[in-house]
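Please read the following report alongside the sequence and the coordinates. The sections take up one helix and its packing first, then single residues, and then the confidence of the model.

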Amino acid sequence: MIAFLRGIVAATTAEAVLLDVHGVGYGVLMAPSSLAKLPGTGQEATVLTYMQATDKGIALYGFLSDEEKALFERLIAVSGVGPKMALAALSAFTPQALISAITHEDAALVAKIPGVGKKTASRIILELKGSLEQGMGGLLAEGGEAPATADAVTQGAVEALLSMGFTSAEADLALKGAPDGAGEAALLQYALKRLGSR
């Protein structure tokens, strides 16, 4: 099993990074939001990995944090959720926002993940709600190691909206008048309701 890779970023595409690790090139599939945070070509990067071996071959999936990797592993354990859908979920939401949506049983918000319909959203909530509350409670916005500042929470919501295809102007407008002290998931829900009603 390959748990992580540390190497030089040789190239990036819309869905993968090519890491040069001592002369061996590893193609690692990642969420677009994670790819955007990688250092530029020619710079060193460390990527946590999940290796999947199937009859079609071996694939490496990459993450920038333990939380992302742990949540990815939980998601692909849900029937009907494959690695591509799990990566789409990690691109659409921060781990904290997605966990919050699942534990609050917000199927409409979970269904905003590209490729996830109402039935799959309900299945994700049903299969993960209890285990996320118990095993990954530290990832919840209100129970993290350090409370997020209001600016960081708002920025997280804006980034999630941008990754869903909204423009910055739409995101800023949708978040105007949001309740003070709201967590990232609540802000995202507020913004999506406003955008949906327009």
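## The buried side of helix 2

In this predicted model, helix 2, which spans residues 66–76, has E68, K69, L71, F72, L75 and I76 as buried residues. These residues lie on the same side of helix 2, because the arc that they cover around the axis is only 165°. A general property of helices is relevant here: an α-helix has 3.6 residues a turn, so residues three or four places apart point the same way.

## Packing of helix 2 with helix 4

Helix 2 packs with helix 4 (residues 95–103) at an angle of about 40°, and the axes of the two helices are 10 Å apart. The two helices are therefore oblique to each other, since angles under 35 degrees would count as roughly parallel and those from 65 to 115 as roughly perpendicular.

On the helix 2 side, the contact is made by E67, E68, L71 and L75, which meet P95, L98 and I99 of helix 4. Sorted by class, the residues of this contact comprise 5 nonpolar and 2 charged ones, with no polar residue. L71 and L75, which take part in the contact with helix 4, are also among the buried residues of helix 2, and E68 likewise appears both in that contact and among the buried residues.

## T120 in helix 6

Is T120 buried or exposed? With a relative accessibility of 14%, T120 counts as buried, because the cut-off for a buried residue is under 20%. T120 belongs to helix 6, which covers residues 118–135, and, when neighbours within four places in sequence are left aside, T120 is in contact with V81 and M85.

## Two residues with positive phi

Most residues other than glycine have a negative phi. H22, which is not a glycine, nevertheless has a positive phi of about 50°. H22 sits in the loop that runs between strand 2 (16–21) and strand 3 (24–29), and its relative accessibility of 81% means that H22 counts as exposed.

E105 is likewise a residue other than glycine with a positive phi, in this case near 55°, and E105 is placed in the loop between helix 4 and helix 5 (107–110).

## Confidence of the model

The average pLDDT of the protein is 84, and 89% of the residues score at least 70. Over residues 139–148, however, the pLDDT is below 50, and this stretch has 13 contacts in the model beyond near neighbours in sequence. Where pLDDT is low, the predicted coordinates should not be read in detail.

Methods: Residues are numbered from 1 along each chain as its sequence is written. This is a predicted model: local features need pLDDT of at least 70, side-chain atom pairs count only at pLDDT 80 or more; totals for chains, interfaces and linings use all residues. Side-chain values use heavy atoms; hydrogens and water are left out. pLDDT is the predictor's confidence in each residue, from 0 to 100. Contact means heavy atoms within 4.5 Å. Helices (H or I, at least four residues) and strands (E, at least two) are DSSP runs, numbered from the N terminus. Buried means under 20% relative accessible area, exposed over 50%, partly exposed in between (1.4 Å probe, protein chains only). The arc is that of the directions from the helix axis to the C-beta atoms. Axes are lines fitted to C-alpha atoms, for helices over the stretch in contact, and angles run from 0 to 180 degrees between N-to-C directions. Angles under 35 degrees count as roughly parallel, over 145 as roughly antiparallel, 65 to 115 as roughly perpendicular and the rest as oblique. Ala, Val, Leu, Ile, Met, Phe, Trp, Tyr, Cys and Pro count as nonpolar, Asp, Glu, Lys and Arg as charged, and the others, Gly among them, as polar.
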